[in-house]
Amino acid sequence: MKAYIQQRAFVSSFVQTIKTNAPAIIAALFILLFVYTGINKLLNLDSLTLVLKKYPLIGNKRASPVAWSVPIAELMVALFLFMPKTRLSGLQSAVVLMILFTLYLSYMLAFTDVRVCTCGGMLQALSWQQHLIFNITFVVLGLWAIHLTKQKR
């Protein structure tokens, strides 16, 4: 009986540790993702703009503003995630960005034959279906981190 109580206390402590640390870990994952992709996009801004011109819903007129605004938004969200006082806003913004990216990915998968990834680096190695799963996973993690952060307050 004593071993059962100790085991149960250990599991309870372990679950509490995960709940306490998960938002910071998830924020760190988002920071890595957004800093990596944001810098990569800024370093390859010309090629990003050319690719975006071919994208449905973006085209010639919006390619340059989107090419600048997406990486800047990613880097700003990473900054919000980095600071504990703005972490909740950062998590909410990260989830919104990931939902927008996921919706656009879904649109491209459903309605276009020509697909070029603008994520850069190792994310380009993912298939579009894998990328969709990656994005959905980050949306779910972000929502969970928001829930845990609000629960803690």
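Two residues are in contact when heavy atoms of theirs lie within 4.5 Å of each other. With that in hand, look at Leu81: leaving aside neighbours within four places in sequence, its contacts are Ala27, Phe30, Ile31, Phe34, Arg87, Gly90, Leu91 and Ala94. Keep in mind that what you're looking at is a predicted model. Let's start with the nonpolar cores, then see how some helices pack, and finish with three buried residues.

**The nonpolar cores**

- How many residues does the largest nonpolar core have? The count is 22, and Leu81 is among those with the most contacts inside this core, along with Phe30, Phe34, Leu91 and Met98.
- Four helices each chip in at least two residues of this core: α1 (2-43), α3 (59-82), α4 (87-111) and α5 (128-152).
- The largest share comes from α1, with seven residues.
- Apart from that core there's another one, made of 14 residues, including Ile58, Ala63, Tyr104 and Leu105.
- Here's some background: in soluble globular proteins, nonpolar side chains tend to be buried together.

**How α3 meets α4**

- The axes of α3 and α4 come within 7 Å and cross at roughly 150°.
- Since an angle over 145 degrees counts as roughly antiparallel, α3 is therefore roughly antiparallel to α4.
- Which hand does the crossing of α3 and α4 have, left or right? It's a left-handed crossing.
- On the α3 side, the contact is made by Val70, Ala73, Glu74, Val77, Phe80, Leu81 and Phe82.
- On the α4 side, you'll find Arg87, Gly90, Leu91, Ser93, Ala94, Leu97 and Phe101.
- Sort the residues of this contact by type and you get 10 nonpolar, two polar and two charged.

**How α4 meets α5**

- α4 and α5 pack at an angle of about 155°, and their axes are 9 Å apart.
- With the same kind of reasoning, over 145 degrees counts as roughly antiparallel, so α4 is roughly antiparallel to α5.
- The crossing of α4 and α5 is left-handed.
- The residues of this contact split into 17 nonpolar, eight polar and one charged.

**Three buried residues to find**

- Ala78 sits in helix α3. Is Ala78 buried or exposed? Its relative accessibility is 5%, and buried means under 20%, so Ala78 counts as buried.
- Try finding Ala78 and Ile31 in the structure: they're 47 residues apart in sequence, yet 4.7 Å apart in space, C-alpha to C-alpha.
- Leaving aside neighbours within four places in sequence, Ala78 is in contact with Ile31, Phe34 and Val35.
- Asn135 belongs to helix α5, and at 3% relative accessibility Asn135 counts as buried.
- What is Asn135 in contact with, leaving aside its neighbours within four places in sequence? The answer is Met98, Phe101, Thr102 and Leu105.
- Thr149 is also found in helix α5, and with 10% relative accessibility Thr149 counts as buried.
- Leaving aside neighbours within four places in sequence, Thr149 is in contact with Pro23, Leu88 and Leu91.
- You've met Leu91 before: Leu91 is one of the residues with the most contacts inside the largest nonpolar core.

Methods. Residues are numbered from 1 along each chain as its sequence is written. This is a predicted model: local features need pLDDT of at least 70, side-chain atom pairs count only at pLDDT 80 or more; totals for chains, interfaces and linings use all residues. Side-chain values use heavy atoms; hydrogens and water are left out. A nonpolar core is a set of buried Ala, Val, Leu, Ile, Met, Phe, Trp, Tyr and Cys residues joined through side-chain atoms within 4.5 Å. Buried means under 20% relative accessible area, exposed over 50%, partly exposed in between (1.4 Å probe, protein chains only). Axes are lines fitted to C-alpha atoms, for helices over the stretch in contact, and angles run from 0 to 180 degrees between N-to-C directions. Angles under 35 degrees count as roughly parallel, over 145 as roughly antiparallel, 65 to 115 as roughly perpendicular and the rest as oblique. A crossing is left-handed if the near helix is turned anticlockwise from the far one by less than a right angle, and right-handed if clockwise. Ala, Val, Leu, Ile, Met, Phe, Trp, Tyr, Cys and Pro count as nonpolar, Asp, Glu, Lys and Arg as charged, and the others, Gly among them, as polar.
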